Amino acid sequence: RKLLPWQQMMNNGAINPESILIANHEEDSASSEEDNDEILPDAVELELRNYQKELAESALRGENTVICAPTGSGKTRVATYIISNHLMNPGDREKKVAFLARTVPLAEQQYKSLCKYLPSYEITLITGDRKNNMSLHMLLPHSDIVVMTPMILENHLTRKLLSDLGMFSLIVFDECHHTRKGEPYNTLMSSYHKTKHQIHQAKTQGKVLNICLPQIVGLTASIGIERANLFSEAKDNILKVLGNLDVSVISTVEQHKDELRRIVPVATETSTNYSHEKLVILLQQRRDDVAVQRITEIMQMLERQLRLYVRGLNDAGLIGLANMMPANRKLQEYEQWAVKMMTAVKGLPLISEDEQRDMHVRLTVKITQYLI
């Protein structure tokens with residue numbers, strides 16, 4: 001049987017088979033039993049709640065949009081619905097979608113969700129922690145959707161293996177509040193703005209660049225205000241992120257708030273003191289939530305194991321960092337701490353003569369990936 005392009009590239013060593021995962025749901029029935037083990041189940045019907053349809057409205061109109069809704073509200077499902085509509089609607093350009101997630105575990109999670117609901121499309125997952133994973137430009141012509149970490153896309157632009165972000169018609173940024181200075185998301189959007197400026201310059205000179213910028217859709221539970229204390233500072237921080245993403249619309253739930261409150265805890269304004277430009281918002285939580293309690297117990301267990309492995313590594317810097325773990329796991333500071341831990345552990349050299357130490361390094365990295 002004739003091999004698909006990505007299979008040919010894997011066979012001739014052009015790409016690392018451990019660094020990519022391809023979902024092809026249109027293979028013929030002649031597949032071997034081993035191949036059948038990899039076939040994902042039939043598509044699950046993608047149904048949205050009313051508040052999720054409301055969140056998708058602006059993006060479905062083709063506008064650059066940040067979808068802002070609480071954790072647990074189903075933002076990935078909303079994004080999947082937007083992607084499905086984007087690929088189905090005919091246009092004057094080839095449709096290619098990039099779904100960006102900041103970590104490998106998150107990318108894998110989003111990939112599985114997309115495969116579940118969109119099995120008729122060619123979906124590619126490019127993973128691996130190495131920055132030299134340079135196979136995207138070869139796989140893109142044969143993919144409808146590419147799920148990856150932002151560094152992979154950044155590397156291709158830096159090395160000019162991809163000319164610009166116009167290679168995609170839609171880019172989805174998971175956890176888009178990280179589009180700030182020094183973040184890979186922001187580096188990608190800097191490339192976007194540079195291309196946008198080039199298009200504008202060419203237009204003023206009566207020239208036409210054969211480049212179409214992608215639609216931008218961001219997903220976040222909270223855009224964040226960093227360390228702002230004043231209302232005006234918070235507003236400026238939010239506008240800065242929106243500007244970086246070239247977004248003019250924040251999509252939130254307004255018409256179906258009651259439905260949203262029945263599904264997930266919702267932030268409610270409890271007190272506002274505009275004379276001092278201070279804004280206080282509290283989050284109402286569901287009580288006796290068994291799932292939340294179970295997740296908390298698992299995280300506590302992982303944290304205990306992490307501290308145990310770190311002590312075994314006998315590295316003063318790591319031990320100090322582990323002791324700086326934030327108490328509140330719901331804040332962004334906790335995620336930032338886990339990322340710092342993972343980065344610090346990855347920086348440790350592996351010593352083949354000390355198998356136990358190397359195992360502690362690998363297990364610590366794996367634990368931090370679960371905690372992020």
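Helices and strands here are DSSP runs, numbered from the N terminus. The model is a predicted one, and in it the protein has 14 helices and 10 strands. Of its 372 residues, 44% count as buried. The accessible surface comes to about 21,300 Å², and carbon and sulfur atoms account for 50% of that area. Among contacts between residues at least 6 apart in sequence, 66% join residues at least 24 apart.

A good place to enter the structure is strand E5 (145–148). Both of its faces are covered: Ile145 and Val147 lie on one side, Val146 and Met148 lie on the other, and all are buried. E5 has strand partners as well. It pairs with E3 in the parallel sense over four bridges, and Ala98 stands opposite Val146 of E5. E4 also runs parallel to E5, and four bridges join the two. Here Ile123 has Ile145 in E5 as its bridge partner.

Several of these residues return in the largest nonpolar core. This core has 34 residues, and those with the most contacts inside it are Ile83, Ile123, Ile145 and Val147. The elements that give it two or more residues include the helices H3 (50–60), H4 (75–88) and H5 (104–117), together with the strands E3 (97–100), E4 (123–126), E5, E6 and E7 (215–220). H5 supplies the largest share, six residues. The surroundings of Val147 show how the pieces meet. Leaving aside residues up to four places away in sequence, Val147 touches Phe99, Ala107, Gln110, Tyr111, Leu114, Ile123, Thr124, Leu125 and Ile126. A second, separate core has 28 residues, among them Leu139, Leu140, Leu188 and Met189.

Two loop residues deserve a look for their backbone angles. Most residues other than glycine have a negative phi. Glu175, although not a glycine, has a positive phi of about 55°. Glu175 sits in the loop between strand E6 (170–174) and helix H8 (184–204). Asn314 is likewise not a glycine and has a positive phi of about 55°. Asn314 belongs to the loop between helix H11 (290–313) and helix H12 (316–322).

Is each of these two residues buried or exposed? The cut-offs are under 20% relative accessible area for buried and over 50% for exposed. Glu175 has 19% relative accessibility and therefore counts as buried. Asn314 has 66% and so counts as exposed.

Methods. Residues are numbered from 1 along each chain as its sequence is written. This is a predicted model: local features need pLDDT of at least 70, side-chain atom pairs count only at pLDDT 80 or more; totals for chains, interfaces and linings use all residues. Side-chain values use heavy atoms; hydrogens and water are left out. Buried means under 20% relative accessible area, exposed over 50%, partly exposed in between (1.4 Å probe, protein chains only). A nonpolar core is a set of buried Ala, Val, Leu, Ile, Met, Phe, Trp, Tyr and Cys residues joined through side-chain atoms within 4.5 Å. Contact means heavy atoms within 4.5 Å. Accessible areas come from the Shrake-Rupley method with a 1.4 Å probe; for residues, only the protein chains shown count as cover. Two strands pair if DSSP finds at least two bridges between them.
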